[in-house]
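Trainee: Got a minute to go through this one with me? I'd like to start with the nucleic acid.

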Amino acid sequence: MSRPGCDIDARTLLADLTEPQRQAVTHTDGPLLVLAGAGSGKTRVITRRAAYVAATVARPYQVLAITFTNKAANEMRERIVRLGVGPDMTVCTFHSICARLLRIHHDRADLPGNFTIFDQADQRAVVKQALHRCELDKRNWPVWRVLSRISQAKNAMQTPEEFAQQAHYWQDRTLARIYTAYEQILAEQAGLDFDDLLLRLAVLLDRDQELRDRLEDRYRYLLIDEYQDTNDAQYRIAHLLTQRRRNLCVTGDPDQSIYAWRGANITNILRFEKDHPDALVVRLEQNYRSTKRILSAASSLISFNINRKEKTLWTENDEGRSVRTVDCPDATVEANLIAGEIATAVANGREPRDVAVCYRINALSLEIELALQRAGIAYQVARGQEFYGRKEIKDLIAYLRVLVNPADATSLRRIINTPARGIGKTTVAKLDALAESSNAALHDVVMNPTTPKELGRSGSKVADFADLLRSLTPLVDAPAAKALSEVFSRTGLRASLLDHQVVDADPCENVENLIVEARRYDQAEPDGSLLGWLEQVSLVSDIDSLDDTTGAVTLLTLHAAKGLEFPVIYIVGLEDGLLPFRRDEETPSDEEEERRLCFVGMTRAKEELTLTHARFRIRHGRELRTMRSPFLDELPREELEWINAQEDDAAGGGRSRRQGGARSTDFARWRPGTHVHHDEHGIGKIVSIYRGSGQTHAAIQFESGDQQTFILEYADKLTYLEPDEVG
DNA sequence: CTACCGGATTTTTTT
DNA sequence: AATCCGGTAG
């Protein structure tokens, strides 16, 4: 059964699969839908299937596998290679395959071959320019709101004209004008935003049958992961690429659809069977990841969604420890508690890499980070954008972008006076005016030898800048790392950074890291180019920055956690308005999607799961009283362990704030069997006690029948009863 | 033109 | 809290 280029025996690919898994793997031709519940071995199935297809009915390069993030793509490629399939299978994200195809077929797509990908910061700049052009005030037209409307329109595959046609209100008609200007500016600058990458390819495939056929001959088997999170353009692409052979395999889980806010259309996966009546549908409902208790808690939560295709996950795994909820007075205690528990676990042999802390919003990471620092625990935060978003990095990249794509006025504007070289706002405005009057690009005006004469005083500065750019031009063909380091020193960026010796930051070191990255790219991609490197950099995601080899605790958003798993998971901030998130009282949130998000987080856990909430939390600099998340009440109450980390909540609104919290360091006398008194629950007996670093957990059985766990350091309402006091 | 200050405002999530 | 913006002094 082996074929050239594939050093594998198809039978070994099937050896240890369950029946449904085997069905999915061996269904090579025709449409296939794999409805894969959380932790049901989906990754295993799709890697095996990709390998199986490449070993039986196709060659590796004829398979195109599309994932959601680069990290997922890299992992899948690695696993497939480990199965013995040659490395020339295409495994990448939707956005990168679109960029690549548009680059190759740019002439058919009516695009310049050197187009640049505009990230969110670039988009914001373009919107500002568009507002300026339309003579509108930024105050009335918040950039982010405009951007989200434009993105919505693009996701619905609406051109500015179509948008204008269905704009009945004055606001929407103005928005249509802004959208028009936005598109015009992008076109002038040869820029494509993220939405364009998908949209343009969908449009191109739609109208170019010859290309469509060629691509389908090349990629005979298409595999799309996380199909529940695809949008309309992605749906079109998927179908246009599989029109004739219909070898489309999609996998996903409607319960894990968490990207509706950016245009994902859950009906894509729900209507797959209608789209393809002859499709094989495989349901994977056995969970191999989590303990029974974790799974039952997660299942209970998700069952509260009304809009849902019924599905029952089950597992043969152990019962496991109880899922815990922790009630904390504030976010500091919450963070310290988690850090303390992790420290204890690590002391007992748990690897830090086994632990992840998840939150709804990035802002919550700070408190956790501080606590982990205090506890001396190594951690990594999933925030790749942050690195590429740093000023020094963006500046340097802007230079390269101008070299590759001189029309990119957004980048040109950024670097024209960076480092400061005496070309200020007024001069740039004059250059703009010149460009507009002569109908030329900003870059042309800057480079034009006659320009300096028309500028007076600052003319020579512009001429110097033009000379600088000219001298850098040859670097377009240099390897990325070389181009970076040359630009860094020759533009004076390095010098300017050396001056500003900031206390904590080390911008030069960041740039060095960037150059190292680029060198790695140059070596890995023999056919690479500066253009290619820039493209790759534009498409990195937060999650891509995670390094599995560091062995550190991972901090990440619930969105970023999708597709990952950890033995120990903490989800923080289970508070009404935070999870489920609500921006303000007027804007209702999609509560079902919020619930799915929580479900995704919970099902990441293999062995231990802890959900925490804080009664006070600081948001926007203000400390607010919170309400516990309604989601907590949707968990199976009797199966959970409820932990109370409350300080004494001194009756009557006010709260005692006792930093440090611990009321005593010695609870040596508190042992299983000893009696205690609680102000509300009365007399109880200690069932078990657990001593961690800085925290002593005591499970107490009260005479009233309640059982609850307390953290003694915080449990002011608990008092020790001498044996003779027990009545 | 640059540098700095103070006020206002806040995207939640991301390719 | 953190950032971004606009205004002003040098």
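Trainee: By class, what residues make up the surface near DNA strand B?
Mentor: There are 8 nonpolar, 13 polar and 6 charged residues. Near means that one heavy atom of the residue lies within 4 Å of the strand. Ala, Val, Leu, Ile, Met, Phe, Trp, Tyr, Cys and Pro count as nonpolar, Asp, Glu, Lys and Arg as charged, and the others, Gly among them, as polar. Before we go on: this is a predicted model, where local features need pLDDT of at least 70, side-chain atom pairs count only at pLDDT 80 or more, and totals for chains, interfaces and linings use all residues. Residues are numbered from 1 along each chain as its sequence is written, chains are lettered from A and ligands numbered from 1 in the order in which they are written, and side-chain values use heavy atoms, with hydrogens and water left out.

Trainee: Which residues come nearest to DNA strand B?
Mentor: Gln 120, Arg 360, Thr 426, Thr 427 and Ser 541, out of 27 around the strand. Of the DNA strand B atoms within 4 Å of the protein, sugar and phosphate make up 54%.

Trainee: And which helix gives the most to that surface near DNA strand B?
Mentor: Helix H21, residues 425-438, with 3 residues. Helices here are DSSP runs of H or I with at least four residues, strands are E runs of at least two, and both are numbered from the N terminus.

Trainee: What does Thr 427 do with a phosphate oxygen of DNA strand B?
Mentor: A polar side-chain atom of Thr 427 sits 2.7 Å from that oxygen. Gly 422 uses a backbone N or O atom, 3.0 Å from a phosphate oxygen of DNA strand B. For Gly 424, a polar backbone atom is 3.0 Å from a phosphate oxygen of the strand.

Trainee: Now the other strand. Which residues are around DNA strand C?
Mentor: Lys 128, Lys 138, His 620 and Gly 621. By class, that is no nonpolar, 2 polar and 2 charged residues. Lys 128 has a polar side-chain atom 2.9 Å from a phosphate oxygen of DNA strand C. His 620 has a polar backbone atom 3.4 Å from a base nitrogen of DNA strand C.

Trainee: Switching to the protein itself. Is strand S11 buried or exposed?
Mentor: Buried: 7 of the 7 residues of S11 (residues 324-330) are, so the rest of the structure largely encloses this strand. Buried means under 20% relative accessible area, exposed over 50%, partly exposed in between, with a 1.4 Å probe and protein chains only.

Trainee: What does S11 pair with?
Mentor: One partner is strand S16 (residues 605-619), parallel over 6 bridges. There, Thr 325 has Leu 611 as its bridge partner. Another is strand S18 (residues 641-644), parallel over 4 bridges. In S18, Arg 324 is matched with Glu 641. Pairing needs at least two DSSP bridges between the strands.

Trainee: Where is Ser 629?
Mentor: Ser 629 is in the loop between strand S17 (622-625) and S18. Its relative accessible area is 0%, so Ser 629 is buried.

Trainee: What does Ser 629 touch?
Mentor: Leu 574, Glu 575, Asp 576, Leu 579 and Pro 580, leaving out residues up to four places away in sequence. Contact means heavy atoms within 4.5 Å.

Trainee: Last one. How many disulfides are there?
Mentor: A search of the whole structure gives 0. Cys 98 is in none, and the nearest cysteine sulfur, that of Cys 92, is 8.5 Å away. A disulfide is a pair of cysteine sulfur atoms within 2.5 Å. Cys 98 is buried at 0% relative accessibility, and Cys 508 is buried at 18%.

Methods: Polar contact = N/O pair within 3.5 Å; in protein donor to acceptor, adjacent residues only side chain to side chain.
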